[in-house]
Amino acid sequence: MKPALREQILTVLAAIPPGRVTTYGRIAAMTEGGTPRLVARALRDLPEGHGLPWFRVITASRKLADHPGAAEQRDRLAAEGVGLDARGRAPAERLWP
């Protein structure tokens, strides 16, 4: 991945406010040449101790992606007031932007 694209993805990620979520696709749309898969890759490659709100990124169906950190993601979102419904979806009104 080109460093400029990675920087764009991380800049958008850092801007997601607490209590809000966005999708891989929405982040990709805010970049030049990004795709949802490249956004997922950038998140997967985050270094330890980065402090970026990776847990605020969900799938287009407003569900958590299937990954090893999903339980932690669910807990962090709940701590910010973003509860998931019975189908595991985040409320549409919590989507950003």
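**Exercise 1. Two partners, R41 and D45**

R41 has a relative accessible area of 33%, which makes this residue partly exposed. Keep in mind as you work that you are looking at a predicted model. Find the residue with which R41 forms a salt bridge, and say how far apart the closest N and O atoms are.

*Solution.*
Step 1. Start with the general idea: side chains of opposite charge can pair when their charged atoms come close.
Step 2. Look for the partner of R41: D45 forms a salt bridge with this arginine, and the closest N and O atoms lie 4.0 Å apart.
Step 3. Check how open the partner is. D45 has a relative accessible area of 43%, so D45 counts as partly exposed.

**Exercise 2. The other salt bridges**

How many salt bridges does a search of the whole structure find? Describe where the partners of R56 and R76 sit.

*Solution.*
Step 1. The search of the whole structure gives 3 salt bridges. You have already met one of them, between D45 and R41.
Step 2. Take R56 next: its side chain meets that of E80 in a salt bridge, at 2.5 Å from N to O. This pair links distant parts of the chain, since R56 is in the loop between α3 and β2 while E80 is in the segment after α4 (70–79), 24 residues apart.
Step 3. Compare the surroundings of the two partners. R56 has 8% relative accessibility and is therefore buried, whereas E80, with a relative accessible area of 24%, is partly exposed.
Step 4. Now turn to R76, which forms a salt bridge with E72, their closest N and O atoms being 3.0 Å apart. These two residues are 4 residues apart in helix α4, so about one helical turn separates them.
Step 5. Check accessibility here too: R76 is partly exposed at 36%, and E72 is partly exposed at 38%.

**Exercise 3. The sides of helix α3**

Which residues of helix α3 (residues 36–44) are buried? Explain how they are placed around the axis, and find what covers them.

*Solution.*
Step 1. List the buried residues of α3: V39, A42 and L43.
Step 2. Look at their directions. They cover an arc of only 100° around the axis, so they are on the same side of α3.
Step 3. Link this to helix geometry: an α-helix has 3.6 residues a turn, so residues three or four places apart point the same way.
Step 4. Turn to the other side of α3, where R37 and R44 are exposed.
Step 5. Find the cover. The elements over the buried residues of α3 include α1 (3–15), α2 (24–29) and β2 (57–58).

**Exercise 4. Buried or exposed?**

Decide whether T22, T31 and L46 are buried or exposed, and list what each one touches beyond four places in sequence.

*Solution.*
Step 1. Recall the cut-off: buried means under 20% relative accessible area.
Step 2. T22 is in strand β1 (residues 22–23). Its relative accessible area is 0%, so T22 is buried. T22 touches I16, I27, R56, V57, I58, L95, W96 and P97. You have seen one of these before: R56 is the partner of E80.
Step 3. T31 lies in the loop between α2 and α3. Its relative accessibility is 11%, so T31 counts as buried. T31 is in contact with L5, Q8 and I9.
Step 4. L46 is in the loop between α3 and β2. At 15% relative accessibility, L46 is therefore buried as well. L46 touches L10, L13, L52 and W54.
Step 5. Follow one of those contacts back. L10 is in helix α1, and L10 touches L46 and L52. Along the chain L10 and L46 are 36 residues apart, and their C-alpha atoms are separated by 9.3 Å.

**Exercise 5. The largest pocket**

What is the volume of the largest pocket, and which residues lie nearest its centre? Sort its lining by residue type.

*Solution.*
Step 1. Here is the idea behind the search: rolling a probe the size of a water molecule over the atoms shows where empty space is left.
Step 2. Read the volume: the largest pocket holds about 510 Å³ of space.
Step 3. Count the lining. There are 19 lining residues, and L43, R44, L46, W54 and H67 lie nearest the centre of the pocket.
Step 4. Place the lining: α3 and α4 each supply at least two of its residues.
Step 5. Sort by type, which gives 9 nonpolar, 5 polar and 5 charged residues.

How values were computed:
Residues are numbered from 1 along each chain as its sequence is written. This is a predicted model: local features need pLDDT of at least 70, side-chain atom pairs count only at pLDDT 80 or more; totals for chains, interfaces and linings use all residues. Side-chain values use heavy atoms; hydrogens and water are left out. Buried means under 20% relative accessible area, exposed over 50%, partly exposed in between (1.4 Å probe, protein chains only). Contact means heavy atoms within 4.5 Å. The arc is that of the directions from the helix axis to the C-beta atoms. On a 1 Å grid over the protein atoms alone, a cavity is a set of points where a 1.4 Å probe fits but cannot get out, and a pocket is an open set with protein on both sides within 12 Å along at least five of seven lines; lining residues have an atom within 4 Å of a point. Grid points are joined across faces, edges and corners, and a volume is the space filled by probe spheres set on the points. Ala, Val, Leu, Ile, Met, Phe, Trp, Tyr, Cys and Pro count as nonpolar, Asp, Glu, Lys and Arg as charged, and the others, Gly among them, as polar.
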